[in-house]
Amino acid sequence: MKQFICVFLICIFTISNVFTKEDILSEKIQQLTDWSLKKPIIRLNSERFKHYVKTAPRNYSMIVMLTAMSPQRQCSICKQAHDEFQIVAQSYRYSSAFTNKVFFGLVDFDDGSEVFQYLKLNSAPVFIHFPPRMKPKKSDYMDISRWGFSAEQIAKWIHDRADIQIHIFRPPNYSGFLLIILLVTMIGGLLYIKRNSLEFLYNQIVWGMFVVLAILICISGQIWNSIRGSPFLHRNPQTGQIGLFSGSSGYQFIAETYVVSISKL
């Protein structure tokens, strides 16, 4: 009789424990979904990170960006990285691929310094994929020094880790198109003015200068910029101060390429 009672109590405890975990998991998913419908990126402090990312039960993936947006932290690329991460999260939020199996989160150092200590991080920005029911492996940390942090590269990394296909939708930017029109107009105008003396088109010195200039731009990092989608420069959103050089040794802006090219002339 005593054995029967013990077995019965164990079964009751096990069933109640299962229902408790399911209730907690359901509450987590519902809360994360509600937050994602309001804003694609969920702001996480230390308590939220512990409850929704670190602690079981969890059957969903979390794509978390750890950053330091405060001007006092002097993270020159954190704003650009955040903007690209925002594009990825918005593209996912408004796409047909949106589910409650993947959520985007952000931890700022000033809101969750304990998270940085827990993950043993001393730099920012960092992108980490937290897979369901498992701790992140080395491959779940995005190598931005190698791939950069453009929205396209982040989406590709997420696809490799979480098997979610995200098509990036960027806001329309007509500045490049207008610049091309202006350049073509200037060249057309110059050719029209010099229409009676176009001998300079056959000048080897002129073409040699163009070739040397192209080589200098390429070896100064322009190809790296094109592959990783680097911004032209950095503008501090708080002070408005413009920075041409990145504070990180593994990153650079397009303006830095031109400065290095000119310095080599």
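**Exercise 1. Decide how accessible Y118 is in this predicted model, and set its ring beside that of F49.**

Step 1. Y118 is partly exposed, because its relative accessible area is 38%, where buried means under 20%, exposed over 50% and partly exposed in between (1.4 Å probe, protein chains only). F49, with a relative accessible area of 2%, is buried.

Step 2. Of the nine aromatic pairs that the structure holds, one is formed by F49 and Y118, at 6.3 Å centre to centre and 65 degrees between the planes, which is edge-to-face. Rings of Phe, Tyr and Trp (its six-membered ring) pair if their centres lie within 6.5 Å, and planes under 30 degrees apart count as stacked, over 60 as edge-to-face and the rest as tilted.

Step 3. F49 belongs to helix 2 (residues 46-54) and Y118 to helix 4 (residues 113-119), so the pair links distant parts of the chain, 69 residues apart. Helices (H or I, at least four residues) and strands (E, at least two) are DSSP runs, numbered from the N terminus.

The model is predicted, with local features needing pLDDT of at least 70 and side-chain atom pairs counting only at pLDDT 80 or more, while totals for chains, interfaces and linings use all residues. Residues are numbered from 1 along each chain as its sequence is written, and side-chain values use heavy atoms, with hydrogens and water left out.

**Exercise 2. Classify the ring pair of Y60 and F103.**

Step 1. The ring centres of Y60 and F103 are 5.6 Å apart with planes at 85 degrees, so this pair is edge-to-face.

Step 2. Because Y60 lies in the loop between helix 2 and strand 2 (61-67) and F103 in strand 3 (residues 102-108), the pair ties together parts 43 residues apart in sequence. Both Y60 and F103 are buried.
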